[in-house]
Amino acid sequence: MGSRVDTDEDNDNRGSMWDLDQKLDQPMDEEAGRLRNMYREKKFSALLLLRLAFQSLGVVYGDLGTSPLYVFYNTFPNGVKDEEDVIGALSLIIYSLTLVPLLKYVFVVLRANDNGQGGTFALYSLLCRHAKIKTIPNQHRTDEELTTYSRSTFHERSFAAKTKRWLEEQESAKRAILILVLVGTCMVIGDGILTPAISVLSAVGGIKVNQPRMSSGVVVLVAVVILVGFFSMQHYGTDRVSWLFAPIVLLWFLLIGGIGIFNIWKYGSGVLKAFSPVYIYRYFRRGGKEGWTSLGGIMLSITGTEALFADLAHFPVSAVQLAFTLVVFPCLLLAYSGQAAYLMNNLTHSQDAFYRSIPDRIYWPVFIIATLAAIVASQATITATFSIIKQALALGCFPRVKVVYTSKKFLGQIYVPDINWILMILCIAVTAGFENQNQIGNAYERLLHCDLEKQSFCFVWGVKAAYICPPILGTAVVIVMLVTTLLMILIMILVWRCHWILVLIFTGLSLIVECTYFSSVLFKVDQGGWVPLAIAGAFLIIMSVWHYGTVKRYEFEMHSKVSMAWILGLGPSLGLVRVPGIGLVYTELASGVPHIFSHFITNLPAIHSVVVFVCVKYLPVYTVPEAERFLVKRIGPKNFHIFRCVARYGYKDLHKKDDDFEKKLFENLFTFVRLESMMEGCSDSDEYSLCGQQIEHPRGMLGWFTYWETQL
């Protein structure tokens, strides 16, 4: 009985201490509410939009645009048996390009951007704002007062509300969504490693045409030199790189579109029958299992689409949509249709259909542009990797690395030095791995049986088209698309609140196409498809372990917070000598006194006269406006001189613990004290906040320090 009474007393004591903590260290609800401003996303003029659409060609669409070089070879590696097979393959290509890049990504997925930010983490951030599924529980209702923290409201009995409640109640569902996001992210990173290696190596393969006795090791060495130069250019930023690459890619699209028109005119327009989906059914009926496995080659027509959404941070949505609908999509349809028209009249030329279909007068210019375009094709996956690493870093899912903004006008254009050099090293390792497996040599042995006049097409199928491209790239591409589809289902339900019929149509069409391709590439996992899985698996382990450690560290700090009753018991001096100055204590906690502060008090003989607990917190928003960045609050009685400052950032923002950050922090602290002093006679100090104002002192920073001492 006595122990029970003791327990009740302990509970009462803990309850009273909790009440005391809440009174002395209240949430910053009012502070957050008063910081709202009229922030709006930047609008683009028509001329600037055209310029950005032009630049996006060199960054976003290089990989997708070079697919006509090798699609038909991989679809018909043993030659074409019947003209109708060509029509069926072209029909599959047409509808794959229409359903996946055009309808799914350009018109649907790009609309799911988080204020211009794309990629799997942008979708995850949207979901975190509409449902409490973030595994790090550091969000507070004050964060929802941000002008950039937009979210939808639900009717309690709606399907969206029921889905939201289910997700919030199921811890396994939260972890499953996070793992899904990490898998998609890691696959894009794996693609960013493989695509440069394969593209550059296949482009350099033309060296062996004039020098057939040259060893594969020399080809690899030249490829490595180009890779080093390619990655060394990345520090110039997306803006400068895109100006260099965009003319090459635009000229490439115009050339393949024009060649396609020429071939349709020369070899007959009967190939346009492929726009009827009936020929897809006939293709599978005639081909059987061979037709099914050939989907691995047809799927190459949409490689590069997975990076399109992730690259969105570098360019506005309208610019990416404009470039695809006006240039990329029509030129690709014309290019594939022209190749198909040529193949229908030359069934034995499937291995080099693209180059044999080029008019002789422009053959060598096209060859040069094609070589440059194949090298540039790597840029899309590299910039996508930079974007998703920045997002993962802000959401606590990746080790801290340096992020550099390369443009003052477009904050989404970034460069991550550490990741850039890691990608380069891994690309070189993959390139050397190809040479060790003799895959380059095997590819060029087939080259010797080709027409000597057209042997320069070897780079088209020398490496990328022979054995490596379909199984390796196919696995990563399809998994990223499947992850995007699954996340988009939740976006359509929770964010857009679409009717269930629309959700069903989108899900059905997407999964039919992507699961069909996925079943095809599964047959080739042992032929190289394991490479992206291994790379993605390594990054998945790194990201999972880092995120797990981040969560555990936050939970430890939450459970070991110092009681305000203990702080009050020490008195205004905190049991130490208070020396002049401002002491900053960094903590992960946005409320409460961190455990490390008790170590300072018990082990240090003195402490600053003013103590500020600084919390840097990343929110699931793309950016936090500068006027709303800092929240300032006084902790405890005024004579204790203890404050809290919460600095809030979005995953697009760059945080540096430098002099500029501390200067802004002090300015906001001084402004808070100034306003508190001005209103002291009207109300309690807890009722006032920083309000995002900048108040200048006539004597500058020194004057503010003097004023601080007089006020405290």
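These legends go with a set of close-up views of the structure above.

The model is predicted, so local features are described only at pLDDT of at least 70 and side-chain atom pairs only at pLDDT 80 or more, while totals for chains, interfaces and linings use all residues. Residues are numbered from 1 along each chain as its sequence is written, and side-chain values use heavy atoms, with hydrogens and water left out.

**View 1. Arg286 and its two acidic partners, Asp82 and Asp85.** Side chains of opposite charge can pair when their charged atoms come close. Here, a salt bridge means a side-chain nitrogen of Lys or Arg within 4 Å of a carboxyl oxygen of Asp or Glu. Arg286 makes one with Asp82, at 3.6 Å from N to O. That pair links distant parts of the chain, 204 residues apart: Asp82 is in the loop between α5 (71–75) and α6 (83–106), and Arg286 is in helix α13 (residues 278–293). Helices (H or I, at least four residues) and strands (E, at least two) are DSSP runs, numbered from the N terminus. Arg286 also forms a salt bridge with Asp85, where the closest N and O atoms are 3.4 Å apart. Since Asp85 sits in helix α6 and Arg286 in helix α13, this pair ties together parts that are 201 residues apart in sequence. How covered are these side chains? Buried means under 20% relative accessible area, exposed over 50%, and partly exposed in between (1.4 Å probe, protein chains only). Arg286 is partly exposed at 44%, and so is Asp82 at 30%. Asp85 counts as buried, at 12%.

**View 2. A salt bridge within helix α8.** Glu168 and Lys164 pair up with their closest N and O atoms 2.8 Å apart. Both lie in α8 (residues 159–169), 4 residues apart, or about one turn of the helix. Glu168 is partly exposed, with 21% relative accessibility.

**View 3. A salt-bridge network of four residues.** Glu626, Arg629, Asp660 and Lys664 are linked together by salt bridges. For the wider picture, the structure holds 11 salt bridges.

**View 4. Helix α16 with α3 and α12.** Two packed helices are described by the angle between their axes and the distance between the axes. Axes are lines fitted to C-alpha atoms, for helices over the stretch in contact, and angles run from 0 to 180 degrees between N-to-C directions. Helix α3 (residues 46–60) packs on α16 (residues 317–345) at an angle of about 70°, with the axes 8 Å apart. That makes α3 roughly perpendicular to α16. (Angles under 35 degrees count as roughly parallel, over 145 as roughly antiparallel, 65 to 115 as roughly perpendicular and the rest as oblique.) The crossing of α3 with α16 is right-handed. A crossing is left-handed if the near helix is turned anticlockwise from the far one by less than a right angle, and right-handed if clockwise. The axes of α12 and α16 come within 7 Å and cross at roughly 40°. These two helices, α12 and α16, are therefore oblique to each other, and α12 passes α16 in a left-handed crossing.

**View 5. Helix α12 again, now with α18.** The axes of α12 (residues 238–267) and α18 (residues 363–376) come within 9 Å, crossing at roughly 125°. That makes α12 oblique to α18. The crossing of this pair is left-handed.

**View 6. A nonpolar surface patch and the loop residue Arg497.** Trp500, Ile501, Leu502, Leu504, Ile505 and Leu509 form the patch, with about 630 Å² of accessible area together. Patches are made of residues with over 30% relative accessible area and no salt bridge; like charges are joined within 9 Å, nonpolar side chains (Val, Leu, Ile, Met, Phe, Trp, Tyr) within 5 Å. Areas come from the Shrake-Rupley method with a 1.4 Å probe, and for residues only the protein chains shown count as cover. Leu504 lies in helix α24 (residues 500–521) and is exposed, at 55% relative accessible area. Arg497 is in the loop between α23 (464–495) and α24. Though not a glycine, Arg497 has a positive phi of about 55°, and this residue is partly exposed at 48%.

**View 7. His641 in its loop.** His641 sits between β5 (630–635) and β6 (642–649). Phi of His641 is near 55°, a positive value in a residue other than glycine. His641 is buried, with a relative accessible area of 15%.

**View 8. Phe672 and Val632.** Phe672 is part of helix α28 (residues 659–678) and is buried at 1% relative accessibility. Phe672 and Val632 are 40 residues apart in sequence and 6.9 Å apart in space, C-alpha to C-alpha.
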